[in-house]
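User: I am new to this structure and would like a close look at one part of it. Could you walk me through the loop around the glycine in the middle of it, and through what ties that part to the rest?

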Amino acid sequence: MIRAGATFCLVLAVAATPSWARDSRLPRHVGDCVRTQVKDVETRLQGGDSDEPVPGSGSAIKFTNGGYQVSYETVPAVEASRPGDLLRMCLVAIPQDCTPGDVRGREYRVTNLRTHRSWRLPDAEHMCGGA
């Protein structure tokens, strides 16, 4: 038998789910923003048989909404991020005149809501039409 109190708690738990937990897509239009989380912080390159990080090769970060950003430079704000950190991700630029299907080069401004640090990076090492 289900008690009314238990049902009420279940409803509250669903209603109290923060919007960032329900929003798992990438922003689609310039100016759109979403909430997501850090999935993993990496170096730009991994080497060797064990996929070890290559220090000094730049920063890379993966997001729980499927997003990814990368830089040839080490980005301190990215390096300060940790898996699970809540983020605000905004699409700030989409390259123009790309070959159909080549969607590389979208730029996102991301703010880590734990550290209050921000960065702006593309989603690929090369823009559309690049290597």
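Analyst: Here is a walk from that loop to the cross-links and the sheet around it. This is a predicted model, in which local features need pLDDT of at least 70 and side-chain atom pairs count only at pLDDT 80 or more, while totals for chains, interfaces and linings use all residues. Residues are numbered from 1 along each chain as its sequence is written, and side-chain values use heavy atoms, with hydrogens and water left out.

Let us start with glycine 101, which sits in the loop between strand 6 (86-93) and strand 7 (107-112). Strands here are DSSP runs of E with at least two residues, and helices are runs of H or I with at least four, numbered from the N terminus. Glycine 101 counts as exposed because its relative accessibility is 74%; the cut-offs are over 50% for exposed, under 20% for buried and partly exposed in between, with a 1.4 Å probe and protein chains only. Its C-alpha atom is 9.3 Å from that of cysteine 128, although 27 residues separate the two along the chain.

Cysteine 128 brings us to the disulfides, meaning pairs of cysteine sulfur atoms within 2.5 Å. The structure has 2 of them. One joins cysteine 98 to cysteine 128, with 1.9 Å between the sulfur atoms. This pair links distant parts of the chain, 30 residues apart: cysteine 98 is in the loop between strand 6 and strand 7, and cysteine 128 is in the segment after strand 8 (118-122). The torsion about the S-S bond is about -65 degrees, so this disulfide is left-handed. Cysteine 98 is partly exposed at 24% relative accessible area, whereas cysteine 128 is buried at 16%.

The other disulfide is formed by cysteine 33 and cysteine 90, whose sulfur atoms are 2.0 Å apart. Cysteine 33 belongs to strand 1 (residues 33-43) and cysteine 90 to strand 6, so the link ties together parts 57 residues apart in sequence. With 110 degrees about its S-S bond, the link of cysteine 33 and cysteine 90 is right-handed.

Back in the loop, aspartate 102 makes a salt bridge with arginine 104, and their closest N and O atoms are 2.9 Å apart. The term means a side-chain nitrogen of Lys or Arg within 4 Å of a carboxyl oxygen of Asp or Glu. Aspartate 102 is buried at 18% relative accessibility, while arginine 104 is partly exposed at 24%. The structure holds 5 salt bridges. Another of them joins arginine 44 and glutamate 125, at 2.6 Å between the closest N and O atoms. Those two residues are 81 apart along the chain, arginine 44 in the loop between strand 1 and strand 2 (46-47) and glutamate 125 in the segment after strand 8.

Finally, the strands on either side of the loop, strand 6 and strand 7, belong to an open sheet of 6 strands in the order 5-4-1-6-7-8, with antiparallel pairing. Two strands pair if DSSP finds at least two bridges between them. Strand 5 (68-71) and strand 8 are at the edges with a single partner strand each, so one side of each has no neighbour in the sheet. Strand 7 and strand 8 pair over 5 bridges, and tryptophan 119 in strand 8 is the bridge partner of valine 110.
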